[in-house]
Amino acid sequence: MSKPASTPASWNGVVVVDKSPGMTSHDVVYHARKLFHCKRIGHTGTLDPDATGVLVLCLGQATRLAEYLSAARKHYAATVLFGVTTDTEDASGVTLETRDAGHLTEADVRALLPRFRGTIQQTPPMVSALHHEGQRLYDLARKGVEVPRAARTIEIDALEMTAFTPSERPVANLEITCSTGTYIRTLAADLGRAAGTGGLMQTLRRTWVGESVKEAFTLADAHTLDALRERAANGTLAQTVLPLAAALRGWPQVRLTPAQVARIHNGQAVALHDLAPDAVSALEKRAQPEAAGTKIALLDEDENVCAIARLETDRLQPIKVFTHDEGV
């Protein structure tokens, strides 16, 4: 495949992929590196091989923003199968137990959902990518080794059942909005335990990533790998790369003057009282003055992100600085 006809700057930004089933998130990154001819690519939240949906890739300098984008909320559509448990908490694992769950009703499941909303404790599964003494848990699991895992605090902002199919193995369709670090397979297994029937995650599709659906990366933004290959072939691949200002659309954004951008590039703070009225207005709409520590995207006059800053009492203190020669 020939190299895409585009400037290197095109590859500093975010690409939203609609991941297909049967491939890992690392597989998606591998194929993206070949398509974009860009070594610096990372993703902002692993999707299991059987899962599909929104996978946000950071290209080039955007990889420096991965830590912030990874922390965003995730929204999923999942199906939970009751009456079956597996060693992986999903349909791909080895069956450990089956039960007749025909007595389980829609009302029974709805009555269980409130206990899984809000701030809860969740024990990560053995098939997770977390480390234990230098080894990933899923590598230990493949060897048949199970180790103790500490429960972690997660947040489930929304958990709703959209459909229920009664049978000997009932299926519940769920919509979930949750914090990063939440394992939907474990939620499904915990729900099955609470029902007294056992359960597993049958299907999973991530539908958006962001602090709210209005500002999120959604399936409407996403491209399959096949679609990206077609664009690479016809020379329109660059159109799939969102600039950082668009990628950070859920953040407070402040446009600076050239002199202020120069200060930022030298690592110096910008005083709040020196901001233009429109910049102050934009800041006040998205971040309260007392919200010290709020992350702010700083833009130059051409709407390019020049820095990420921390809002302090009387100034914007740069945390990460980007320059034009970095292509951002």
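Helices here are DSSP runs of at least four residues and strands are runs of at least two, numbered from the N terminus. That vocabulary lets us place His-37, which sits in the loop between H1 and strand E2 (41-43). Keep in mind that this is a predicted model.

**The overall picture**

Let's start with the whole chain. Its secondary structure comes to nine helices and 18 strands. The chain has 328 residues, and 47% of them count as buried. As for the surface, the accessible area is about 15500 Å², with 50% of that belonging to carbon and sulfur atoms. Contacts across the sequence matter for reading the rest: among contacts in the chain with a separation of 6 or more, 67% are between residues 24 or more positions apart.

**The cores**

In soluble globular proteins, nonpolar side chains tend to be buried together. Here, the largest nonpolar core has 48 residues, and the members that touch the most others are Phe-36, Leu-57, Phe-82, Leu-174 and Ile-176. There is also a second, separate core of 24 residues, and Val-54, Leu-69, Ala-72 and Phe-217 are included in it.

Ile-176 is worth a stop. Setting aside neighbours within four places in sequence, Ile-176 is in contact with Lys-74, His-75, Tyr-76 and Ala-78, and also with Ile-156, Ala-158, Leu-159, Ile-184 and Leu-187.

**Aromatic pairs**

How many aromatic pairs does a search of the whole structure find? The search turns up two. In one of them, Trp-11 and Phe-36 meet edge-to-face, 5.0 Å from centre to centre and with 80° between the planes. Trp-11 belongs to the segment before strand E1 (13-19) while Phe-36 is in helix H1 (residues 25-36), so the pair ties together parts that are 25 residues apart in sequence. Both Trp-11 and Phe-36 are buried.

Then there are Tyr-68 and Trp-251: their ring centres are 5.4 Å apart and their planes are at 75°, so this pair is edge-to-face. Tyr-68 comes from helix H2 (residues 66-69), and Trp-251 from the loop between helix H7 (244-247) and strand E14 (253-255), so parts that are 183 residues apart in sequence are tied together. Tyr-68 is buried, at a relative accessible area of 17%, and Trp-251 is buried too, at 15%.

**Around Arg-64**

Next, have a look at Arg-64, in the loop between strand E3 (52-59) and H2. Is Arg-64 buried or partly exposed? With 24% relative accessibility, Arg-64 counts as partly exposed. Arg-64 lies over the face of Phe-322, 4.6 Å from the ring centre. The side chain of Arg-64 also reaches the backbone oxygen of Val-321, at 3.0 Å. Gly-42 is 22 residues away from Arg-64 in sequence, and the two are 9.7 Å apart in space, C-alpha to C-alpha.

**Two buried polar residues**

Thr-79 is part of strand E4 (residues 74-82) and is buried, with a relative accessible area of 10%. Its side chain makes a polar contact of 2.6 Å with the side chain of Thr-203. Not counting residues up to four places away in sequence, Thr-79 touches Val-171, Ala-172 and Asn-173, along with Leu-200, Met-201, Gln-202 and Thr-203.

Ser-25, in helix H1, is buried at 3% relative accessibility. What lies 2.8 Å from a polar atom of the side chain of Ser-25? That would be the backbone nitrogen of Leu-47. Again leaving out residues up to four places away in sequence, Ser-25 touches Lys-19, His-43, Thr-46, Leu-47 and Leu-55.

Here are the polar contacts just described, side by side.

| Side chain | Partner | Distance |
|---|---|---|
| Thr-79 | Thr-203 side chain | 2.6 Å |
| Ser-25 | Leu-47 backbone nitrogen | 2.8 Å |
| Arg-64 | Val-321 backbone oxygen | 3.0 Å |

**Positive phi**

Finally, back to His-37. Its phi is near 50°, a positive value in a residue other than glycine. His-37 is partly exposed, with a relative accessible area of 37%. Glu-303 has a positive phi as well, of about 70°, although it is not a glycine. You can find Glu-303 in the loop between strand E16 (295-299) and strand E17 (305-311), and it is partly exposed, at a relative accessible area of 38%.

Terms used:
Residues are numbered from 1 along each chain as its sequence is written. Side-chain values use heavy atoms; hydrogens and water are left out. Rings of Phe, Tyr and Trp (its six-membered ring) pair if their centres lie within 6.5 Å; planes under 30 degrees apart count as stacked, over 60 as edge-to-face and the rest as tilted. Buried means under 20% relative accessible area, exposed over 50%, partly exposed in between (1.4 Å probe, protein chains only). A charge sits over a ring if NZ of Lys or CZ of Arg is within 6 Å of the ring centre and within 35 degrees of the ring normal. A polar contact is a pair of N or O atoms within 3.5 Å; within protein, one must be able to donate a hydrogen and the other to accept it, and residues adjacent in sequence count only if both atoms are side-chain atoms. Contact means heavy atoms within 4.5 Å. Accessible areas come from the Shrake-Rupley method with a 1.4 Å probe; for residues, only the protein chains shown count as cover. A nonpolar core is a set of buried Ala, Val, Leu, Ile, Met, Phe, Trp, Tyr and Cys residues joined through side-chain atoms within 4.5 Å.
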